[in-house]
Amino acid sequence: MVAKKRSANLPRKPRDKRENILLIDSDGNVITLAELPAKIPILPLYHRPMFPGILTMVGSSMAASEWIQSTLNKTNNIVGLLLLDPDKHEGSSELGNIESTDDFYQMGTVAYVLNWVELPDHSCQFMLSTLKRFVVEKMTKRKGNFMADVRYLEETEPEMTEEIKACGAAIISGIKEIIPHNPIFSQEMNYLLSQVDINDPGMLTDLAASVTNAKSIDLQEILETPDLSTRMEKTLLLLREEYDLSLLKEKINQKIEEKISKHQREFFLREQLKAIKVELGLEQDRKQVELTRFRKKIGELELSEEAKVRVHQEMERYEILDEHSPEIHVIFQYLEWLSSLPWGIYSKDRLSLSYAQKVLNEDHDGLKDVKKRILEFIGVSKLKGGVSGSIVCLVGPPGVGKTSLGKSIARALGRKFYHFSLGGMHDESELKGHRRTYVGALPGRLIHALRDVKTSNPVIMLDELDKVGNSYRGDPYSVLLEVLDPEQNQEFLDHYLDVRFDLSNVLFIATANILDPIHPALLDRMEIIRLSGYILEEKERIAQRHLLPKLIPGCGLTPENVSFEQGAIKKVILEYAREAGVRNLEKQLNAILRAVATRHARGHKKGVTIKASNVESYLGKPIFTEETYHKQPIPGVVRGLAWTPLGGSVLYIESCILLNNKKTLKLTGQLGNVMRESSSIAHTYIQSILKKINKKDHFLKKHAVHLHVPAGATPKDGPSAGIAMATSLLSLALNQPIPADLAMTGELTLTGYVLPIGGVKEKTIGARLAGIKTLIFPKENEKDYEELPPYLKKGLTIHLVSHFHEVIKIALGLELK
């Protein structure tokens, strides 16, 4: 370690001893110094110490240099050079940043200022001639500047022992070894070797140490070493490290040069080989080969006039540009895209109703009304001579077969099918592409689809249309308005291609779970086909005909290994997969088959029959169970019918009496504003008619009522629960239960009229799945009910009502006038 304090073994000499010092300035003039001052200004060194006997340049800030210049007259141009702790002041060059005198090392070098130069960056360079070592006796700081009382260390003439001579020769030899491997310092080292006298080992040692790239702490240690022999040994060690470092640098540079030379040689050889092959006719120029390929591909296509002009322009640019130009790759990719699109290529439509019906029946069970709409659509297209300008939107709960219906339509028409999802799309560039000015720009999804299917009239399915988002990057709905408008999509302009492409022959099929989030202008451009879901019988057929034949081989099993009884499939549907679609049914059946496959893999080769009694051992406790309301009717409990994005379901409405006299109606169950209004209307209306029933008009006027709609964690809203809420309150007031197999839906007015509702088919399916056989619908929904297929109405008793008096008669057996 280098000590910052004064070392005890440093030789001391009397303060009053002085001698004349001869210097030569930058102009060659001889300068005589009678004596060195005892108090000198300190110029901080930030990177490495200075050794005596050399000429050097030292930089300083303008503020520090102005102070030093002002003190030079008093000190005969003498200044002290002291090294700062590099860990505290790395990269700094301001005196004001030095906090304490303890930050300096205690030994430095005194120097004579020959000259100084002020630089444009407000700094100053001092030309210095270093003289001898000194030790700081005392240092003071004033206004950020430092003055020091110093004691100079006189170099005694060393005894030229054999060891000293050997070390001096070794130093000169070490310098000579470094010269061939370090061209940066070769000139300076050669000069030192020609000027330095081997008989002055102290000067030789200091000069040798000063030209190395050693760390500042190592150099300071050499500066503070008073014993010449020890100092020379440390300098030899630094020279050896410098030599090893120079060899390593040379080795690294040699490896790099060899690699560069190899690559250059290979490049020139490849270019020569290419030129020879071209001259011999063995190989054509790559650019010419690509241009020939582009011309051939484009010649086979029926490009629009706009596209032909653009292709001609880009091919001319491609031919002119140098192969190493970065722009040539952008043009190549653009021409590749233009020539890969199906300009004028169309697949022949198969407009056969019998074939279309066969395909739909093969791929789907049930959905007769949906198949009828699709056949009507194909029939109209047959009479028109094509399906251009048609946009279909399939709306229904998840898992009812919207995507597979799109594939069936494409197969029935004999067209290519392409599917991509719009869910979560926030950037319109995903549909219309990015402009070519952006790095990595590409066309949008629609152009990608046309390139992949290689025909201009495919069936493109836009899935999850109701889940499109928007952001600061644009609104994808605005792009879809252009894409799905038959009047606009004839000239669809992709940002990347920047030429118009005709999309009018594309059959777009969109899918959505609900229509509410979709822009009204977009709905206006589409033909809506609703898929309401499947009833129990349809799900059983789908499981037997479609799901199990696909899932059994998928689990590595055969029909001999596993079979399902009809009762087992029914139990899975009713207790584990009661939703409108069949996606969850497929998951539950797959879970059973995985368990059977695991058993089979363990060596149990005997076939397994899945029965209703052992379904629970494979799937665990049932998810859907029969509610106690079905078994024991309770006053105040009524079954309503609700529509959800997942299909229809039964909605229970409960009411009970509160033991207080506040005469209020308390509502729970996460009811929305519309349902809250419906409950208020029902409460007011029932109060108005109770007077006509046994004169119990005082019941609701004297009691508070709590009305609840389970489940409490599910938000609910809509007007169709009005008659169910009113019936619940009336049942509570009369203490008369409602039949367990009765459910109702309809909006109630304040005068008792029942208004129509939506989702008749979904609610009917939900009632059938829940085992309810008697339904009450508004009279004005009669047309919706009549449109239902016969198999859906089979076994149901439907009451169509126009006033709440009719509901009371059906539910409670009471007649009101």
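**Exercise 1. What is the order of the strands in the open sheet of five strands?**

Before we start, a word on the model: it is predicted, so local features need pLDDT of at least 70 and side-chain atom pairs count only at pLDDT 80 or more, while totals for chains, interfaces and linings use all residues. Residues are numbered from 1 along each chain as its sequence is written, and side-chain values use heavy atoms, with hydrogens and water left out.

*Solution.*
- Step 1: get the labels straight. Helices (H or I, at least four residues) and strands (E, at least two) are DSSP runs, numbered from the N terminus.
- Step 2: read off the order, which is β10-β11-β14-β9-β15, with parallel pairing. Two strands count as paired if DSSP finds at least two bridges between them.
- Step 3: look at the edges. β10 (417–421) and β15 (527–530) each have a single partner strand, so one side of each has no neighbour in the sheet.
- Step 4: check the twist. On average, neighbouring strands of this sheet are turned by 20 degrees against each other, direction ignored.

**Exercise 2. Work out how β14 is paired and how well it is covered.**

*Solution.*
- Step 1: start with β9 (residues 391–395). This strand pairs with β14 (residues 507–512) in the parallel sense over five bridges. Along the way, V392 has I509 as its bridge partner, and V395 stands opposite A512.
- Step 2: now take β11, which pairs with β14 in the parallel sense over four bridges. Here V459 has L507 as its bridge partner in β14.
- Step 3: check burial. Buried means under 20% relative accessible area, exposed over 50%, and partly exposed in between (1.4 Å probe, protein chains only). Six of the six residues of β14 are buried.
- Step 4: sort the directions. L507, I509 and T511 point one way, and F508, A510 and A512 point the other. That fits a general pattern: in a regular strand the side chains alternate between the two faces of the sheet.
- Step 5: add the helix. α14 (residues 445–453) lies across β10, β11 (459–463) and β14, and runs at about 150 degrees to β10.

**Exercise 3. Which strands pair with β5, and in which sense is each pairing, parallel or antiparallel?**

*Solution.*
- Step 1: β3 (residues 39–45) pairs with β5 in the parallel sense over four bridges. In this pair, P44 stands opposite L82.
- Step 2: β6 (residues 107–118) pairs with β5 in the antiparallel sense over four bridges. There, L81 has T109 as its bridge partner.
- Step 3: see how β5 sits. Six of the six residues of β5 (residues 78–83) are buried, so this strand is largely enclosed by the rest of the structure. I78, G80 and L82 point one way, while V79, L81 and L83 point the other.

**Exercise 4. Describe how α17 meets α18 and α19.**

*Solution.*
- Step 1: find the first angle. The axes of α17 (residues 536–554) and α18 (residues 566–576) come within 10 Å and cross at roughly 115 degrees. Axes are lines fitted to C-alpha atoms, for helices over the stretch in contact, and angles run from 0 to 180 degrees between N-to-C directions.
- Step 2: name it. α17 and α18 are therefore roughly perpendicular (under 35 degrees is roughly parallel, over 145 roughly antiparallel, 65 to 115 roughly perpendicular and the rest oblique).
- Step 3: list some contacts, meaning heavy atoms within 4.5 Å. Among the residues involved are L536, E540 and A543 of α17 and I569, K570 and I573 of α18.
- Step 4: zoom in on K570. This residue of α18 is partly exposed, with a relative accessible area of 37%. K570 touches L536 and E540, not counting residues up to four places away in sequence. K570 and A543 are 27 residues apart in sequence and 9.8 Å apart in space, C-alpha to C-alpha.
- Step 5: turn to α19 (residues 583–601). α17 and α19 pack at an angle of about 50 degrees, with their axes 10 Å apart, and are therefore oblique to each other. The residues that meet include K539, A543 and L547 in α17 and L585, E586 and L589 in α19.

**Exercise 5. How many helices and strands does the protein have?**

*Solution.*
- Step 1: the secondary structure comes to 27 helices and 26 strands.
- Step 2: for the wider picture, buried residues make up 48% of the 817 residues.
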